[in-house]
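Colleague: I should be grateful for a close look at one part of this model, namely the pairing of two strands and its surroundings. Please also indicate how far the prediction may be trusted.

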Amino acid sequence: MKYILWLSLLLTASYSCLAKDIMIRLEVIDPYLEMHTGPGDGYPIIYTVEQGEMIDLLTRRPDWYEIKSSTGRIGWVKSSQIARTIQPTGEPVDLPSVSYGDYLEDSLSLGFNVGQFTGGELKGSQTFSFTSEQRWLSWFGTELEVGKYYDSEVRGRYYGLNLLFEPYSDWVVSPVIIVGTGNMKTTVQPKLIPLSIEDSGYYQYGIGGNFYLGRNFVIRAGYREYTVSTEQDDERLDRWHIGFNAFF
Amino acid sequence: MAHWFQRVLLGASLATFTLVTATEAQAEQVTTIDSIEQLDNELFELGVTTGIINIQDFGSEFVTGINAGFIASEDIFMQLNYVFADAGLSSFEKSQGALFSGDDRKFQHFDFLVGYNLYQGEQFFSGTDAQLSSLYLVAGIGDTDFGGEESFTYTVGIGYQIGLSRTYNLKFDYRDYIYDSSLLLEDESTHNAQFSVSLNVLF
């Protein structure tokens, strides 16, 4: 009686472990699939799965899937090969594979950019920003931007909220329009003549372009014009920037 | 009493067993696009870093830090790093006394890097046991806070990664932090080399 009890408890435990993994079973329709030891073209091929065999998908990484063959071999297969499989129902598998901006809806991105002010009283200052963007629609997102600027005698920081419009997000290179507002603060002033930008609000607009290097990896470059409200007249600045963004 | 208890337990565990088997069978049937999205994906990395940094003009110091990574594609990844070290005295300061003190002697650096896997392959340590490995390049920008100065910093580096297991990676990195400093000389471009080891977990 006790043994049965323990056995059933053990079975329950092991099955609940198994049940956590969602497995997807697919049938190979290409002549063969190549199984690599790791998720990269450089990792050696250790096994091939033949046409008609069933495979289970276990894990995914960008461009790669970890699979288990019907013979129990585990390895990594390129997503372009997984795309050439069918479901048990006979329908072709529909992978979230290589496509550009349109899939971005509802996704979050993190990125950074580097740039320089090319006009106004901060001319010559180098900048960098960290950005976090939430894409609400495929063509519209909001972006939080935190950055710093540096010159030999000037240090400062800025933060802001931007609206992004990217109407042709399905293009490999697609234009972006940015409008935003924020705050700029100069923390270290030049010794002789202080800047008029001390702790000032600004608004900005800019144009730029996204270049989709992969499904979720983007190079973004652009040019922005700032209007900073200071105690005297409004100060105008402009800045170019280039950086990377990754969506997940 | 004991038998009664055992029976209840047996009944309960058998019930869960059948239930779980049923859901298990269901789970295997799901092959829609939604379920591919639900597949466990390993895109993020977290790690701790330790090593030695050579702060230009100030000698070599023990450095510690943390890093977070995101795997963007097969070849490209992004990494956020934060490291800090306590700087010793420069040779000038050894004879003339410290130029600055307290919090300013703490070397703090953060950066955002983009990395490219140059060569992926396998490393054999013992017999036929293969560990996945990769040689990569990184480059990026960041900020260095040292000696009361905050400096715009370029970071370039090369690294080698060895997979300890399915999700743990050991990374050996050589990095150069390049920034302009006016601590000892006016607008001197400094190179601060760092050699470090990181233990990272993928999730």
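Modeller: A convenient starting point is A:Tyr226, which stands opposite A:Leu237 in β15 of chain A. This model is predicted, and the description below should be read accordingly. Strand β14 of chain A covers residues 217-228, strand β15 of chain A covers residues 235-247, and the two pair in the antiparallel sense over twelve bridges. In general, strands of a sheet pair through backbone hydrogen bonds, either parallel or antiparallel.

These two strands belong to a barrel in chain A, which eight strands close in the order β8-β9-β10-β11-β12-β13-β14-β15 with antiparallel pairing. On average, neighbouring strands of this sheet are turned by 25° against each other, direction ignored.

Strand β15, with residues 235-247, also leads to the contacts of A:Ala246. Beyond its neighbours within four places in sequence, A:Ala246 is in contact with A:Ser109, A:Leu110, A:Gly111, A:Asn216 and A:Phe217 in chain A, and with B:Phe70, B:Ala72 and B:Met78 in chain B. The largest nonpolar core has 37 residues, of which A:Ala246, B:Ala72 and B:Met78 touch the most other members. Another core, of 15 residues, lies apart from it and includes A:Ile24, A:Met35, A:Trp64 and A:Ile67.

As to confidence, the predictor gives the complex an ipTM of 0.76 and a pTM of 0.78. Chain B has a mean pLDDT of 84, with 82% of its residues reaching 70 or more. Over residues 22-30 of chain B, however, the pLDDT is below 50, and this stretch has eleven contacts in the model beyond near neighbours in sequence. Where pLDDT is low, the predicted coordinates should not be read in detail.

Technical notes:
Residues numbered from 1 in each chain as written. Chains lettered and ligands numbered in written order. Predicted model: local features only at pLDDT ≥ 70, side-chain atom pairs only at ≥ 80, totals over all residues. Core = buried A, V, L, I, M, F, W, Y, C linked by C-beta atoms within 7 Å. Buried ≥ 20, exposed ≤ 12 C-beta atoms within 10 Å, placed from the backbone. Contact = placed C-beta atoms within 7 Å. pLDDT = per-residue confidence, 0-100. Pairing = 2+ DSSP bridges. Helix = DSSP H or I, 4+ residues; strand = E, 2+ residues; numbered from the N terminus. Axes fitted to C-alpha atoms, helices over the stretch in contact; angles between N-to-C directions.
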